[in-house]
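Reader: Could you take a close look at one part of this model for me, and set it in the frame of the whole chain? I work with computed structures, so please include the cut-offs.

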Amino acid sequence: MSETLQATLDVVRALKSSSGIKVGRSFEGFFSDRLVQAVSQPNLVSAIERLAKSLDASVEYVGGKRVAAFAQAAAAEDAPA
């Protein structure tokens with residue numbers, strides 16, 4: 001698995017875990033809908049920001065190590081893919 005993908009998935013998992021949203025349906029379905037909406041953004045940083053906002057989560061709770069790896073990955077050559 002590429003480092004870009006791994007760093008992105010780590011941040012997405014951490015945002016899911018730190019979500020403050022309570023939903024009446026399954027959280028997985030809710031999360032899936034929000035993830036699809038987020039990836040419509042033009043770049044990785046915008047997608048993660050939108051996902052965090054829609055989950056009532058904050059990137060600051062993700063942890064410095066994950067965020068640092070993601071920041072490097074967001075600038076990587078394969079990030080647009």
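Author: Happy to! Let's begin with the overall frame: for 81 residues, a compact globule would have a radius of gyration near 12 Å, and the chain agrees with its 12 Å. That radius is taken over C-alpha atoms, and the globule rule is 2.2 Å times the number of residues to the power 0.38. This is a predicted model, where local features need pLDDT of at least 70 and side-chain atom pairs count only at pLDDT 80 or more, while totals for chains, interfaces and linings use all residues. Residues are numbered from 1 along each chain as its sequence is written, and side-chain values use heavy atoms, leaving out hydrogens and water.

The chain holds four helices and zero strands, in the order α-α-α-α. Helices here are DSSP runs of H or I with at least four residues, strands are runs of E with at least two, and both are numbered from the N terminus. Among contacts (heavy atoms within 4.5 Å) between residues at least 6 apart in sequence, 63% join residues at least 24 apart.

Now for the close look, at Val 39. Val 39 sits in the loop between α2 (27-38) and α3 (44-54). Its relative accessible area is 56%, so Val 39 counts as exposed; the cut-offs are over 50% for exposed, under 20% for buried and partly exposed in between, with a 1.4 Å probe and protein chains only. For the chain as a whole, 28% of the 81 residues are buried. From Val 39 to Leu 51 there are 12 residues in sequence, and their C-alpha atoms lie 8.4 Å apart in space.
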